[in-house]
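Subject: Structure for your review

Dear colleague,

Please find below the structure that I am handing over to you. My notes on what was found in it follow.

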Amino acid sequence: MVAIAAACALLLAAAPPAPPKADYPPADDLAQPAAWKAMWGTAPAEAVTLDGRRALRLPCNFKGTKHDRASWDRELKLDLTACQGLQFDLFCADASPVSHFSLYLHSGNGWYATGFSPEVAGQWCRVKIDKTDTRMEGTPAGWGAVDTLRVSAWRGKDVDTEFYIANLGLLGADAPIAIIRGESAAKTRPDEAQSVAVFTKAVADTLDRLGLAYAVVSDLDVSPERLKGKKIAILPHNPGLPDALADQLIEFLKGGGKLVAFYGLHEKLREAVGIPGGQHIQQKYRGHFAEIRAVGDGLTGMPKAAKQMSWNISHAEAVEGKSRVVANWFNDKGERAPGAGDGSGEAAIVASDNAILMTHVLLSDDLANKDRLVLAMLGHFEPKLWQQAMALAWGRLGRFGPYRDLKDAWAKLRREAEGNEEAQHALHNADAALSRVSQTIAELPSTAEGQHPSTCLAVISAAEYAREKLLLVHCIVQKPLKGEHRAFWCHSAFGPAGMEWDEAIKILAENGFTAILPNMLWGGVAYYESSVLPVAPEVKEKGDQIAKCVAACRKHGVECHVWKVNYNMAWNAPKEFLARMKAEGRTQVTFGGKPEDRWLCPSHPDNQRLEIDAMVEVATKYDVDGIHFDYIRYPGPEGCFCPGCRERFEEVLGAKVANWPADTRKDDAIRAKWLDFRREQITRVVSATADQVRKAKPKVKISAAVFANWAIDRDGVGQDWRLWCERGWLDFVCPMDYTPHIASFENLVKQQLEWAGKVPCYPGIGLGVWPPGDNIVKIIDFIGVTRKLGTKGFTIFEYTAPVARDIVPLCGKGITRKE
């Protein structure tokens, strides 16, 4: 350890190499230290010149300080309305003292916020900030009103470090496609704000996988100038589209622009594009809308069918001479999905001369066909996009995981496949597939004009098939680790959609996974025959889900650790239960006085007993291997400040709080006592549950899903999980390290192993929150980090039907192979 520390010190002492030369125009000169305001005790920024190129040095003074992050603000004017996002170069010799990095853009009365990470220590890395990856805090005024840039490095441990940034520029400023993000929904339709973000991101992720450049424009920022030069505007999910925006899009169409829309269309736009309809149609049963099938040839390059389990749609029709139905909905029995009107079925996609409408949002099931479907929709209006997608498919053929390119991948996979018969066979198939790609490319017309979408499609299909075969070889040559704890969280009490627990557990067992953590109870509802919590009505119809899951686990040799969401009563808790909790003063109130009626107050003694009794009930009633805490915390710093909290805190304090709740933040002595009080409320439930379960069922293990950064989160959410490990109340801990950045993941896990001490730490891998794509490669890489650091296990979020079908069997080929 001394040698490692010394090496890190030498790296920090040495000046970094010059940043790379940017191949894009700068958006701002970052290297102006006077323009950067250091926040909350952070050391000031410093301008440096590295071999003639300017950069900004940002020192993280964590040693001997108390601020939870090193943070700097830069006032500037940025117009990001007509681009995809931002990009800059980043260098950090040692990021291990940083739990994670954040970037914030202030606009109006709020912020756009996201994370970033240096992917390789000691090298300059290009960071790309996509606007669709940001979350909104407060009410931003749009991407054209950005007036402050904030960069933050969050404390991971009390060790100084530094990082450098250079070459801030716009990303995707000249893209031909504009995704219009419905940010007005945050004000007009706050219940839809989250779904707007999710489905906008789904479209953006699709374009990323296809290699198509795009800009993201807030519906608050759209103007004729910002749509100038754009060929296609995409409406990914835009509930409550403003009338003024509909008028601007009509002018865009009149000027030759094209529109691709998902789910709904403003009435003015329906008339302008010749696609009437709009009635909301809800599924009559799961699987009512299960597949999109082309009508005839559909659109050029469109797949014959694409799976999509939609729960409702928006009715759409074609107008003779103006539009046509290019795809219909089919149910899970292979029949035309019945809908409104004459019962002849529902259109899935309708196309006119200037617009294409898909009648639901874009989902990520059946990814390959869905990507092809979107490419066909866009390529119908802009055929050059087929050539761009073809170039990407060929260029990324061997570029994944540890491989730089196809030549590198082939050489390394050949070596790793030696002596492995299955890998050799897969490699032979990959070789044949690569030959097919080469032949297809050789047959391409020599000019771009001659490359029809159908010929581009042939190359794309051949390249994707060959890449799939190479990925298979990569999976097969991975080696399992004996005695490893390999677990999945499953958020559905009924298991992956469309599967019984027996099938779902069998798949895990066959592919070397050792444990399942099924979410069977919340703060206000249970999916088993409970005498403590309200029982979900589905239990009467579908049976006791803990009993079913445990039976499957016993049959297939998989551990069952039942997962409880604590304090949060769930979206489907009975109304009468919610009303009773509120009437009894048992629900939370925020710092600002807003009721949080679905969150139980952690300091209320009856709520503590409810949480303990429910956990103990599961442990003693069923033959489970363990019980698993989740949400064993406050929602955030804003909770809870209910009258009961004040009364109970004042009793502990031994004095009245004159200015409640402000003094819990303004008075340092009261604040320290308040934070102790919050932690004690959560800890009391953990310790009491551990005591009672171990007396009644000593072999039942107790575990918890916890926030990643104990040093910060013990104050922020009252979750003192390091103490729980020290006191032996947990048998293992699962920090939720849901970053897509492998360097950040490694830094987090290193620190968490220290905090967990002698208690096993099985880090949470965030598969379920990563963008869809080559996630089997990322899973392998992240598991590799856990092995490098000696965790002896990991926990993956989350177990769904696509994961069971597509990811788990590939893990079972090598990295988790059952031996």
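Is Phe488 buried or exposed? In this predicted model, Phe488 is buried, with a relative accessible area of 0%. The residue belongs to strand E23, which covers residues 485-490. Leaving aside neighbours within four places in sequence, Phe488 is in contact with Leu508, Phe513, Ala515, Ile516, Leu517, Ile796, Glu798, Tyr799, Val803 and Val808. One of these partners, Tyr799, is 311 residues from Phe488 in sequence, yet the two C-alpha atoms are 5.9 Å apart in space.

Helix packing

Three helix pairs may be of interest to you. The axes of helix H15 (residues 605-621) and helix H18 (residues 668-696) come within 9 Å and cross at roughly 30°. An angle under 35 degrees counts as roughly parallel, so H15 is roughly parallel to H18. Their crossing is right-handed. On the H15 side, the contact is formed by Gln608, Glu611, Ile612, Met615, Val616, Ala619 and Thr620, which meet Gln681, Arg684, Val685, Ala688, Thr689, Gln692, Val693 and Ala696 of H18. By class, eight of the residues in this contact are nonpolar, five are polar and two are charged.

Helix H11 (residues 501-510) and helix H13 (residues 545-556) pack at about 35°, with their axes 9 Å apart, and H11 passes H13 in a right-handed crossing. Here Trp501, Asp502, Ile505, Lys506 and Ala509 of H11 meet Gln545, Lys548, Cys549, Ala552, Cys553, Lys555 and His556 of H13. This contact holds six nonpolar, two polar and four charged residues.

Helix H6 (residues 367-381) packs against helix H7 (residues 384-395) at an angle of about 145°, and their axes are 8 Å apart. H6 contributes Arg372, Leu375, Ala376, Leu378 and Gly379, while H7 contributes Leu385, Trp386 and Ala389. Six of the residues in the contact of H6 with H7 are nonpolar, one is polar and one is charged.

Helix H16 and its surroundings

Helix H16 (residues 643-653) has as its buried residues Gly644, Cys645, Arg648, Phe649 and Glu650. H15 and H18 are among the elements that cover them. Just after H16, Gly654 takes a positive phi of about 75°.

Cis peptide bonds occur on either side of this helix in the sequence. One joins Gly639 and Cys640, with omega about -5°; Cys640 lies in the loop between strand E28 (626-630) and H16. Another runs from Trp660 to Pro661, with omega near 0°, and Pro661 is in the loop between H16 and helix H17 (663-666).

Cysteines

With a disulfide taken as a pair of cysteine sulfur atoms within 2.5 Å, the count comes to zero disulfides. Cys642 is in no disulfide, and the nearest cysteine sulfur, that of Cys640, is 3.6 Å away. Cys642 is buried, with a relative accessible area of 2%. Cys83 is likewise buried, at 1%.

Backbone points to note

Two residues have a positive phi although they are not glycines. Trp40, with phi of about 55°, is found in the loop between strand E1 (36-39) and strand E2 (46-50). Trp40 is partly exposed, with a relative accessible area of 46%. Tyr567 has phi of about 70° and is found in the loop between strand E25 (559-565) and helix H14 (575-583). At 0% relative accessibility, Tyr567 is buried.

Yours sincerely

Methods: Residues are numbered from 1 along each chain as its sequence is written. This is a predicted model: local features need pLDDT of at least 70, side-chain atom pairs count only at pLDDT 80 or more; totals for chains, interfaces and linings use all residues. Side-chain values use heavy atoms; hydrogens and water are left out. Axes are lines fitted to C-alpha atoms, for helices over the stretch in contact, and angles run from 0 to 180 degrees between N-to-C directions. Helices (H or I, at least four residues) and strands (E, at least two) are DSSP runs, numbered from the N terminus. Angles under 35 degrees count as roughly parallel, over 145 as roughly antiparallel, 65 to 115 as roughly perpendicular and the rest as oblique. A crossing is left-handed if the near helix is turned anticlockwise from the far one by less than a right angle, and right-handed if clockwise. Contact means heavy atoms within 4.5 Å. Ala, Val, Leu, Ile, Met, Phe, Trp, Tyr, Cys and Pro count as nonpolar, Asp, Glu, Lys and Arg as charged, and the others, Gly among them, as polar. Buried means under 20% relative accessible area, exposed over 50%, partly exposed in between (1.4 Å probe, protein chains only).
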